[in-house]
Amino acid sequence: SNVKIQYVYFIYMHIAYQRRFPTSPLIPIFVHSDIIFESKSEDGATHVIERRCTLDVDAPRLLKRIAGVEYLYFVQKNTLDWRQRTLHIEAYNESFSSRVVVSEHCSYTVHPENEDWTCFEQSASMDMKSFFGFESTAEKIAMRQYAASIKKGKEIIEYYLRELEAEGVTFIPRWSTPSTSAIVSSAKAIPTSTSREEHRRAPKGPAEVLSRSPEDKLDADYIRHCLGELSPLQESCLIRLRQWLQETHKGKLPKDQHVLRFLRSRDFILEKAREALCQTLTWRKQHQVDFLLDTWQCPQLLHDYYTGGWHHHDKEGRPLYILRLGQMDTKGLVRALGEESLLRHVLSINEEGLSRCEENTNIFGRPISCWTCLVDLEGLNMRHLWRPGIKALLRIIEVVEANYPETLGRLLIVRAPRVFPVLWTLISPFIDENTRKKFLIYAGNDYQGSGGLVDYISRDFIPDFLGGDCQCDVPEGGLVPKSLYHTAEELENEEVKLWTETIYKTASVFKGAPHELLIEITEVSSVITWDFDVCKGDIIFNIYHSKRAPQPLKRETLGSHGLAGPSGNNMQVIDRSWMLGQDYSMVESALTCREGESIQGSHVTRWPGFYILQWRFDNTPACSVSSRPRVDDVLASLQVSSHKCKVMYYTEVLHSADFRGSMTSLASSHSGFSQLSAATTSSGQSHCSSVTSR
């Protein structure tokens, strides 16, 4: 039985659920349904409906012929209680009920801690007695269909919620007894034809609206100036994702504009946006991308031969980037600089693009969150289809797509030659479908005149090499001298150096094999600080002290876990023969950390000796501590369990003379998101004193 949390009011969940009847194109196996029984209580508080559902199960044709049926029939009973705000769904098979018994129970209930949320629970059982000698096959088919139903169910609900929003449904009164207001008992009661303005004038009372309570709403002027038009549902998604970040990424909150980019790129599906944003924040932190504009020194070779640069703005105020790809010697740049240097340069361009969007937002007084790119392909030939060069281009596209979503507003491609379709065939499968829709391609001189560049760029800013009057400072490029080429070994060493220049380290944590870090302290009152992100799985963080020096560090054998390479880094310090309380002792309370959380803290040492920071696999089932589970715990419990976790960490020891005040903000560590962060707050995830006496 799985429990899922939907951050939507119960009434909206119920109405969205009802829209799948009598059939839904989103559920291919659901052919039709007929109501065979229906009843309502006198006051309308309870509503019971039984349906006979026709299913076209995806089964081998031979099995259907042996069974002698084309469709399967199930009976479904829905019991809605408006007073308790619950919907219970029971289903059982009518076909072959003497051979196999399938039963399923689902329920929608209001979250016990937040009535704005809805809990969904689903369970099923199957008793296979006999099935024409194909019991195993039938069981596998049933399990596959049930797994597909679980996976698809949430997407279907969210589809109908977006449909409600598109219809302008923003106000639905909650049920109350007939003496006070009308009873809302079915989807037919939705005021779909009512305008948004009429909904705004609806009387206040026990109502449920898509946007959250007034104190959770964003300021209207702030939305209009910085974010653009948002529907109530979109605003609600932004608030929830921001609240989750506040709880798990203390002191490292990306700006609302960037959070909104991830929501838009995932069609405002909250869980997908959260996962993508969490991965990006970890990536930025590990590779110190926030400091790229300050630390990246563009090689002179790129100044001379990289044919791209920023150039004013388009008609909508978006920053304009010009790339003369046809004039660029991609093979020469890759051979002279390497793939990683080019990637760093492209990342610095994207970071500058984010900064320019903020500047243009202030200049034009309206939200600008993306830029326009103008690509000139004159000169493109087979040399540009050099395989390592294509590989580097695809790598750059992959990284940019994952970490800078919804930053490209429009891509104008001009003077596309005959070889361009070959290049497009190679790279288009790696470009997101929503991004491809923003491409406009002009062959020959089609870009001139009406329908061309003048529709998107002011004539005053069209560059001179495209027939405009504006001087463009983008380099003309040319062939990179072969004398500047590096050997493959030299390029590999340079690439390793580029991506290992980080203060953070990664480690794998396995079930039965924690990762441990040894720190020797010679001065009492020194401060051990830490900053780590839980990239995968749930872990328990501990700090131990020992007067004895452990044996030389040993690296856990990775072969037994089927892993290899640096991503499987796992170190053992505590000897298996040591006994807790005798050979070593715990100096901090254990801290359970969930996947996606960012933890910072410090410990003031009380004794000299050896301190051990330990990250170990968390075997504790989610929600076992409290009868009322946290939302994140419930979501984590839905993840496929594995025996591997991954953490990214940074530690530092400050001498007592250098320690000033609380280290919960970790001012000494370079972990802030300078480009994406607003003002940061201190973390509450800190342990600053020993709790074990001796």
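A strand, in this talk, is a run of at least two E residues in DSSP, numbered from the N terminus. With that in hand, hello everyone, and a word of care before we start: what you see above is a predicted model.

Let's begin with one residue, Ser-33, which sits in strand β2, residues 30-40. Is Ser-33 buried or exposed? Its relative accessible area is 6%, and the cut-off for buried is under 20%, so Ser-33 counts as buried. What does its side chain reach? The partner is the backbone oxygen of Pro-22, at 2.7 Å. If we set aside neighbours within four places in sequence, the contacts of Ser-33 are Phe-21, Pro-22, Arg-51, Arg-52 and Cys-53.

Two of those names lead us onward. Take Arg-52: this residue lies over the face of Tyr-73, 4.1 Å from the ring centre. There is another arrangement of this kind for you to look up, with the charged end of Arg-324 over the ring of Phe-465, at 3.8 Å from its centre.

Now take Phe-21, which brings us to the aromatics. How many aromatic pairs does the structure hold? The count is 19. In one of them, the ring centres of Phe-21 and Phe-30 are 6.1 Å apart and the planes stand at 90°, so this pair is edge-to-face. Phe-21 and Phe-30 are both buried. They also belong to one aromatic cluster, together with Tyr-17, Tyr-108 and Phe-120.

Tyr-17 from that cluster is part of helix α1, so let's stop there. Helix α1 covers residues 10-18, and nine of its nine residues are buried, so the helix is largely enclosed by the rest of the structure. For those following along on the screen, the list runs Phe-10, Ile-11, Tyr-12, Met-13, His-14, Ile-15, Ala-16, Tyr-17 and Gln-18.

Tyr-108, another cluster member, takes us to β6, where it stands opposite Leu-87. Let me build up that region strand by strand. Strand β4, residues 72-81, is joined to strand β5, residues 86-93, by eight bridges, and the two run antiparallel. Within that pairing, Leu-80 has Leu-87 of β5 as its bridge partner. The β4 and β5 hairpin has four residues between the strands, and Arg-85 there takes a positive phi near 55°. Next, β5 pairs with β6, residues 100-110, again in the antiparallel sense, over seven bridges. This second hairpin has six residues between its strands, and Phe-96 in the turn shows a positive phi of about 55°.

On to the open sheets, beginning with the five-stranded one. Its order is β10-β11-β12-β13-β14, and the pairing is mixed. Why is one side of β10 and of β14 left without a neighbour? Both β10 (308-313) and β14 (439-443) stand at the edges with a single partner strand each, so one side of each has no neighbour in the sheet. On average, neighbouring strands here are turned by 20° against each other, direction ignored. Inside the sheet, β12 (residues 371-376) and β13 (residues 408-416) run parallel and are joined by six bridges. Cys-373, for example, has Leu-411 in β13 as its bridge partner. Helix α12, residues 339-364, packs on this sheet and touches β10, β11 and β12, with its direction at about 5° to that of β10.

Then there is an open sheet of four strands, in the order β15-β25-β17-β23, with antiparallel pairing. Here β15 (505-510) and β23 (598-604) are the edge strands, each with a single partner, so one side of each lacks a neighbour in the sheet. The twist averages 30° from one strand to the next. Strand β17, residues 527-536, is joined to β23 by seven bridges, and Val-527 has Val-604 in β23 as its bridge partner. Helix α8, residues 270-286, lies across β15, β17, β23 and β25, running at about 135° to β17.

I'll finish with one more pair of rings. Phe-532 and Trp-615 have ring centres 5.7 Å apart and planes at 85°, so they too are edge-to-face. Phe-532 lies in β17 and Trp-615 in strand β24 (residues 609-617), so the pair ties together parts that are 83 residues apart in sequence. Phe-532 and Trp-615 are both buried.

Thanks for listening, and please bring your questions!

Conventions: Residues numbered from 1 in each chain as written. Predicted model: local features only at pLDDT ≥ 70, side-chain atom pairs only at ≥ 80, totals over all residues. Heavy atoms only, no water. Pairing = 2+ DSSP bridges. Axes fitted to C-alpha atoms, helices over the stretch in contact; angles between N-to-C directions. Contact = heavy atoms within 4.5 Å. Buried < 20%, exposed > 50% of the residue type's maximum accessible area, 1.4 Å probe, protein only. Polar contact = N/O pair within 3.5 Å; in protein donor to acceptor, adjacent residues only side chain to side chain. Phe/Tyr/Trp six-rings, centres within 6.5 Å; stacked < 30°, edge-to-face > 60°. Lys NZ or Arg CZ within 6 Å of the ring centre and 35° of its normal.
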